[in-house]
Amino acid sequence: MSQTIPDFSAAMTGGQTFQLSGRPAKATVLFFYPKDNTPGCTTENMAFRDLHDQFTAAGAEIYGISRDSLRSHENFKTKLGLPFELISDPDETVCLAFNVMKMKKMYGKDVRGVERSTFVIDAKGRLVKEWRGVKVPGHVDEVLEFVANLG
């Protein structure tokens, strides 16, 4: 599996703009999550936070993406002490490009939302691994293991 991801840019925390092309990292980890300040998303962000130094040592950069506003992201990032930036995608441009918008059941109702998914993109902008419909426990360890073994 090695498809090239079209270049994109999006607003992210820290007053910066994320640009896929020209990332210096050996691997860029993009993890899509449904919503700031919800239990599963908080746990997932903390797991990436806790292993951040190991990802950095493996030559990887981590970015979380959801449809939340930059203001929500800044508060969430500060509250959890996240060492990586969060990308805001309120118009779902990036979510749609990665095909992570799904119909889900919530309290018995059909709702459209982000399917928890993680993508690893190499330095040449190629998608080298994807996880869809992610369950949080153990996931971040699996991503780290993959990135650490990336050529």
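## Overall size

With 151 residues, this protein would be expected to have a radius of gyration near 15 Å if it were a compact globule; the value here is 14 Å, which agrees with that picture. Keep in mind as you look around that this is a predicted model.

Another way to think about size is to put the protein in a box. Taken along the principal axes, a box of roughly 45 × 30 × 30 Å holds the C-alpha atoms.

## Helices, strands and contacts

If you trace the chain, you will find five helices and ten strands. How much of the contact total comes from residues 24 or more positions apart? Among contacts with a separation of 6 or more, such pairs account for 61%.

## Inside and outside

Let's turn to burial. Of the 151 residues, 47% count as buried. On the outside, the protein exposes about 7600 Å², and carbon and sulfur atoms supply 52% of this area.

Charges can be compared too. There are 19 positive and 19 negative charges, and their mean positions lie 4 Å apart.

## A look at helix α5

Now zoom in on helix α5, which covers residues 139-148. Which of its residues are buried? They are His139, Val140, Val143, Leu144 and Val147. Seen down the axis of α5, these buried residues fall within an arc of 135°, so they line one face of the helix.

What does α5 pack against with its buried residues? The partners include two helices, α1 (39-50) and α2 (52-57). Strands β4 (27-32), β5 (60-66), β9 (117-122) and β10 (126-132) are packed against as well.

Technical notes
Residues numbered from 1 in each chain as written. Predicted model: local features only at pLDDT ≥ 70, side-chain atom pairs only at ≥ 80, totals over all residues. Heavy atoms only, no water. Helix = DSSP H or I, 4+ residues; strand = E, 2+ residues; numbered from the N terminus. Rg over C-alpha atoms; globule rule 2.2 N^0.38 Å. Buried < 20%, exposed > 50% of the residue type's maximum accessible area, 1.4 Å probe, protein only. Contact = heavy atoms within 4.5 Å. Areas by Shrake-Rupley, 256 points an atom, 1.4 Å probe, with all protein chains shown as cover. Lys, Arg positive; Asp, Glu negative; His and termini not counted. Charge placed at Lys NZ, Arg CZ, Asp CG, Glu CD. Arc of directions from axis to C-beta.
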